[in-house]
Amino acid sequence: MSRSTKALAAAAVLALTLAACANTDDGDSGDEDSSTPELTVQTAIDAPDDAVSPAGDGSAECPATTTIAYIGAETGANAQLGINIINGVKLAVEEHNANNANCQVTLQTFDTEGDPNKSTGPVTQATNDENIIGVVGLPFSGESKATGTIFEQAGLVHITPSATGPALTQNGWTTFFRALGNDNVQGPAVPKLTEKLDAKTVYVVQDDSEYGVGLAGTATEALGDNVVGSDKVTTGQKDFSATISKILAEKPDAVFYSGYYAEGAPFNQQLVAKGYEGIFIGPDGVKDQEFINQAGDASANAYFTCPCIPGELITSFSDAYKKVSGGDAPGTYSVEGYDAATVLLAGIDEGNQDRAKLKDWVTNYDAQGLSKKFKWDETGELTELAVYGYKVQDGQIVSVGVL
Amino acid sequence: MDQWISFDWEALGANFWSATVDGLTFGGIYALVALGYTLVYGVLNLINFAHSEVFIVGAYAVVFTLTSLGFGPSVPNLAWYAIAANLLLALVFGMLASAVTAFIVERVAYKPLRAKGAPRLVFLISAIGMSFVIQYLIFWWRGPNPEPAVIMFQNKPVFDIGGTLIYFDSILIVSAAIIMMVVVDQFIRRSKLGRGIRAVAQDPDTATLMGVNRERIIVSTFILGGLLAGVAALFYVMKVPSGVLYLGGFLLGVKAFTAAVLGGIGNVRGALLGGLLLGLIGNYGQILLGSAQWNDVVCFVVLIAVLMVRPEGILGSNLGKVRA
């Protein structure tokens with residue numbers, strides 16, 4: 001098959017839903033003097049005293065075959081997010097194994113490239129390996145949706161450190177757990193952020209992913225009349241000129257980009273290069289150092305929402321993480337990956353060393369983690385949540401605290 | 001909100017000029033890459049599917065050159081002639097890198113097979129193989145993320161049409177694409193090598209009998225395509241400063257290949273026409289239908305429609321038929 005056929009096939013499977021543009025011409029506030037209010041930057045967060053440590057009490061015993069897995073992106077366009085998580089998981093496993101001579105848990109990783117179409121293979125491979133009794137993953141909503149049933153059939157418990165699609169917990173899966181808030185939490189946080197930034201008109205741009213579409217929906221609803229227009233881009237897109245000319249015509253105070261940094265970064269870079277002077281807001285999928293690398297100086301206008309705690313501000317975690325990552329500071333979802341692995345490891349230490357027992361362990365779990373308290377409802381959603389605001393300052397992503 | 005398709009004529013009207021300029025700009029880049037497909041097809045009647053990687057290697061060379069010259073994510077603080085000199089240097093390295101890659105592709109994926117008289121399909125497969133090999137060599141070397149952004153200059157509006165600002169980079173890219181196309185066209189028509197290329201395209205056996213060194217012509221054609229891909233690479237980095245990643249060639253390559261087919265594959269002028277048209281059609285379609293997801297759909301619908309009426313593409317004729 002030739003590449004053109006591939007491209008045709010790819011074009012043919014593009015989603016066919018299309019919402020009419022809701023352009024409203026009022027709400028014109030392109031005042032030049034509207035300077036953005038400065039938000040206070042958080043500098044440190046104390047680790048909770050009662051947080052469960054993966055090291056345990058050192059007395060754990062388990063078979064040498066005991067394995068947990070990370071399944072998710074290791075390569076592909078959004079690989080950095082996966083790497084952040086893997087390093088968090090790795091750190092937890094290393095801390096556990098260093099302290100428990102009689103319980104050496106193996107960590108296996110499976111690469112999905114973050115692509116729903118490629119995710120079923122690695123997941124099947126993992127579920128067929130009887131030694132794997134718990135999984136951290138999958139990181140993205142699309143691939144989580146595509147593979148949830150496989151986990152359910154295998155009775156293999158998996159905790160996603162980052163998939164925020166709200167519908168994921170509506171499938172009746174008993175093996176799916178989410179270590180953070182879903183988009184229904186993050187969407188309403190967008191107007192909280194725009195309010196703090198004094199941005200009255202917002203243009204919403206979404207990509208074609210499960211995540212981008214879902215989040216754009218909840219954010220648009222929460223923003224209400226402040227939305228002055230919307231547009232859609234696709235995964236893999238590099239030229240955003242058509243969308244940008246529509247945005248520049250509306251002169252919004254802020255653009256909310258609902259998607260991932262792979263498109264968000266060149267989009268914002270091109271937007272600013274064409275003379276856009278407003279704020280750029282991205283969700284957790286955009287909040288990554290790679291966004292700044294790729295958008296360059298244009299990233300100075302960027303703010304983010306994220307149901308994730310700024311892990312680098314917890315010094316003890318940050319220092320330990322750097323040893324695993326080869327010097328890189330914790331990234332988005334590093335702490336969540338660490339926490340998710342800790343839940344599994346604590347279960348193994350308590351003697352829950354097959355799939356059924358470990359699943360029960362997670363279902364009934366109720367303890368403090370580094371990022372938050374972990375206690376799930378019957379669908380697999382956490383019961384207590386917070387969304388953090390972030391901004392770019394001097395080429396770094398810094399927290400501005402809970403929104 | 002529930003209808004699956006809707007036409008936003010108002011948006012198209014409001015954004016017509018910017019869509020046109022942006023479409024032509026990217027169309028110019030497509031056209032330069034499309035030339036590589038078209039030239040090779042002209043002499044070998046084969047599609048070089050590794051050409052997208054020939055292009056992206058050039059883009060890497062451009063980024064590396066500029067980075068080592070001190071360019072980065074900030075607008076460089078240099079006089080215009082200093083920037084121009086640096087960009088020229090990057091252009092030279094980009095063209096060299098692409099040309100060398102094209103040469104290697106020919107030596108590895110084409111020549112040994114040609115010497116053995118392999119059937120046509122085998123060349124397609126070996127070229128696709130080369131394409132993957134180069135992609136994943138880059139992946140292995142540079143990792144999954146794009147190279148950090150390289151901003152070449154402060155892009156400024158030069159003039160405006162009906163309220164739409166026309167930026168310097170657009171003017172530069174479109175005019176350079178057209179000039180390059182004229183140069184190549186004249187080169188094929190008038191130079192000795194061009195005459196050889198045309199002779200091989202028309203009838204390789206007779207050309208060989210007349211003393212044309214077919215092997216040399218084929219290699220030269222690959223290299224020529226590579227040089228042009230290097231030019232496209234510079235403009236691509238100019239427009240998409242963070243678009244250089246291992247998969248980056250593939251996406252653009254598909255568009256460029258489509259452009260070549262649309263204009264008439266094997267036809268130099270067809271590549272320009274096809275590229276510019278494809279850039280325009282995609283942009284118009286995207287704005288009219290309200291989503292970038294429609295960009296490719298509209299492009300391919302137009303391609304199919306054109307091929308139904310003119311199976312050889314808009315300008316149809318192949319390289320051999322060009323008269324001196």
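Helices here are DSSP runs of H or I with at least four residues, strands are E runs of at least two, and both are numbered from the N terminus. The model is predicted, so to speak of local features pLDDT must be at least 70, side-chain atom pairs count only at pLDDT 80 or more, and totals for chains, interfaces and linings use all residues. Residues are numbered from 1 along each chain as its sequence is written, while chains are lettered from A and ligands numbered from 1 in the order in which they are written.

**Exercise 1. Place A:Asp360 and say whether it is buried or exposed.**

Step 1: find the element. A:Asp360 sits in helix H12 (residues 355-363) of chain A.

Step 2: get the cut-offs. Buried takes 20 or more other C-beta atoms within 10 Å of the residue's own, exposed takes 12 or fewer, and partly exposed is in between, with C-beta atoms placed from the backbone.

Step 3: apply them. A:Asp360 has 14 other C-beta atoms within 10 Å, so it is partly exposed.

Step 4: look further afield. From A:Asp360 to A:Gly278 it is 82 residues in sequence and 49 Å in space, C-alpha to C-alpha.

**Exercise 2. Check the length and surroundings of helix H10 (residues 248-263) of chain B.**

Step 1: work out the expected span, which is 1.5 Å times one less than the number of residues. For the 16 residues of H10(B) that gives 22 Å.

Step 2: compare. The end C-alpha atoms of H10(B) are 23 Å apart, which agrees.

Step 3: count burial. Of the 16 residues of H10(B), 15 are buried, so the helix is largely enclosed by the rest of the structure.

Step 4: step off the end. Next comes B:Gly264, with a positive phi near 115°.

**Exercise 3. Track down some backbone oddities in the loops.**

Step 1: the cis peptide. Omega is about 0° for the bond joining A:Gly137 and A:Leu138. A:Leu138 belongs to the loop between strand E3 (132-136) and helix H4 (141-154) of chain A.

Step 2: a positive phi in chain A. A:Asp198 is not a glycine, yet its phi is about 60°. Its loop runs between helix H5 (183-196) and strand E6 (202-206) of chain A, and with 14 C-beta neighbours inside 10 Å A:Asp198 counts as partly exposed.

Step 3: a positive phi in chain B. B:Asn45, also not a glycine, has a phi of about 55°. Look for B:Asn45 in the loop between helix H2 (16-44) and helix H3 (51-68) of chain B.

**Exercise 4. Which helix gives the most to the side of chain A that touches chain B, and how does it meet H2(B)?**

Step 1: size up the contact, counting residues whose C-beta atoms, placed from the backbone, lie within 7 Å. Chain A puts in 43 residues and chain B 44 residues.

Step 2: pick the helix. H7(A) gives the most to that side of chain A, with six residues.

Step 3: read the geometry. Axes are lines fitted to C-alpha atoms, for helices over the stretch in contact, with angles from 0 to 180 degrees between N-to-C directions. The axes of H7(A) (residues 241-250) and H2(B) come within 9 Å and cross at roughly 155°.

Step 4: classify. Under 35 degrees is roughly parallel, over 145 roughly antiparallel, 65 to 115 roughly perpendicular, and the rest oblique. H7(A) and H2(B) are therefore roughly antiparallel.

Step 5: name the residues. A:Ser241, A:Ala242 and A:Ser245 of H7(A) make the contact with B:Ser18, B:Ala19 and B:Asp22 of H2(B).

Key. Contact = placed C-beta atoms within 7 Å.
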